[in-house]
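This report describes one protein chain, starting from a single residue and moving out to the whole fold. The sequence and the model are shown first.

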Amino acid sequence: NAAIIHHIQNQTPLPKNGLLLLDVGAEIDHYAADITRVYSIGNPTKRMQQVFDLAVDALEQALAMLKPGVMPQKFEEEMMHVVGEKLRILGLIKTIDKENVRKYFPTYTAHHLGLDAHDASDRDAPMASGMVLAVEPGIYIPEEGIGVRVEENVLITKDGCEVLTSRLPRALTSLTIKEV
């Protein structure tokens with residue numbers, strides 16, 4: 001159910017060939033972290049790998065945009081176009097507009113981290129040095145059962161951003177699930 005953004009707990013068995021999306025939170029000294037990684041159960045199809053690669057490329061483009069002074073709404077508008085281009089490459093849309101893009105990219109790209117994994121913020125205030133964000137552009141294709149989101153935690157610095165979760169591997173790793 002990787003194509004469902006926040007899937008509820010259930011007893012659905014893991015697919016024999018599919019994607020496993022893990023959205024993981026952690027806390028230390030009352031501060032929250034929020035990361036997401038995607039794994040392939042069995043070997044990923046070419047389509048799964050293509051969607052994964054384009055989602056990671058969108059993440060890299062998002063990280064390159066983050067710096068002090070960036071307005072959150074402007075950032076999100078630019079990311080809608082970035083992900084829209086990826087959706088066009090995937091053959092999912094022909095025209096980049098809000099309705100088409102949001103069908104496969106229904107969430108914000110980033111949210112503040114702090115005392116909560118989705119911390120309160122002023123979406124009208126520019127990004128500033130010292131802010132911590134979770135950055136997570138995703139591509140969700142329910143009709144294909146494919147959902148990919150790779151989420152990093154970043155610190156806005158005076159010149160850009162530092163990826164705090166950079167030591168955690170991002171690659172689409174294949175897992176072998178043994179039946180019990």
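In this predicted model, R102 is partly exposed, its relative accessible area being 22%. A residue counts as buried under 20% and as exposed over 50%, so a value of 22% falls in the class between the two. R102 sits in helix α3, which covers residues 98-104. Apart from its neighbours within four places in sequence, R102 is in contact with E76, M80 and T107. Between the C-alpha atoms of R102 and Y140 the distance is 9.7 Å, with 38 residues separating the two along the chain.

**Fold and dimensions**

The chain contains three helices and nine strands, arranged along the sequence as β-β-α-α-α-β-β-β-β-β-β-β. The radius of gyration is 16 Å, close to the 16 Å from the globule rule for 180 residues, so the chain is as compact as a globular protein of that length. The C-alpha trace spans about 50 × 45 × 25 Å along its principal axes.

Of the 180 residues, 40% count as buried. Taking contacts between residues at least 6 apart in sequence, 63% join residues at least 24 apart. The chain exposes about 10200 Å², and 55% of this area is supplied by carbon and sulfur atoms. There are 18 positive and 25 negative side chains, and the centres of these two sets lie 7 Å apart.

**Helix α1**

Helix α1 spans residues 46-65 and has 20 residues. From its first C-alpha to its last it reaches 29 Å, close to the 28 Å expected at 1.5 Å a residue. The buried residues of α1 include M48, V51, F52, L54 and A55. Further along α1, V56, A58, L59, A62, L63 and M65 are also among the buried residues.

**The loop between β1 and β2**

Strands β1 (18-28) and β2 (31-41) are joined by a loop that holds D29. H30 is found in the loop between β1 and β2 as well. D29 has a positive phi although it is not a glycine, and H30 likewise has a positive phi in a residue other than glycine. The values are listed below.

| Residue | Phi | Relative accessible area |
|---|---|---|
| D29 | about 50° | 63% |
| H30 | near 75° | 63% |

What class of exposure does D29 have? At 63% relative accessible area, D29 is exposed. H30 is exposed too, with a relative accessible area of 63%.

Technical notes. Residues are numbered from 1 along each chain as its sequence is written. This is a predicted model: local features need pLDDT of at least 70, side-chain atom pairs count only at pLDDT 80 or more; totals for chains, interfaces and linings use all residues. Side-chain values use heavy atoms; hydrogens and water are left out. Helices (H or I, at least four residues) and strands (E, at least two) are DSSP runs, numbered from the N terminus. The radius of gyration is taken over C-alpha atoms; the globule rule is 2.2 Å times the number of residues to the power 0.38. Buried means under 20% relative accessible area, exposed over 50%, partly exposed in between (1.4 Å probe, protein chains only). Contact means heavy atoms within 4.5 Å. Accessible areas come from the Shrake-Rupley method with a 1.4 Å probe; for residues, only the protein chains shown count as cover. Lys and Arg count as positive and Asp and Glu as negative; His and the chain ends are not counted. The place of a charge is taken as NZ of Lys, CZ of Arg, CG of Asp or CD of Glu. The expected span of a helix is 1.5 Å times one less than its number of residues.
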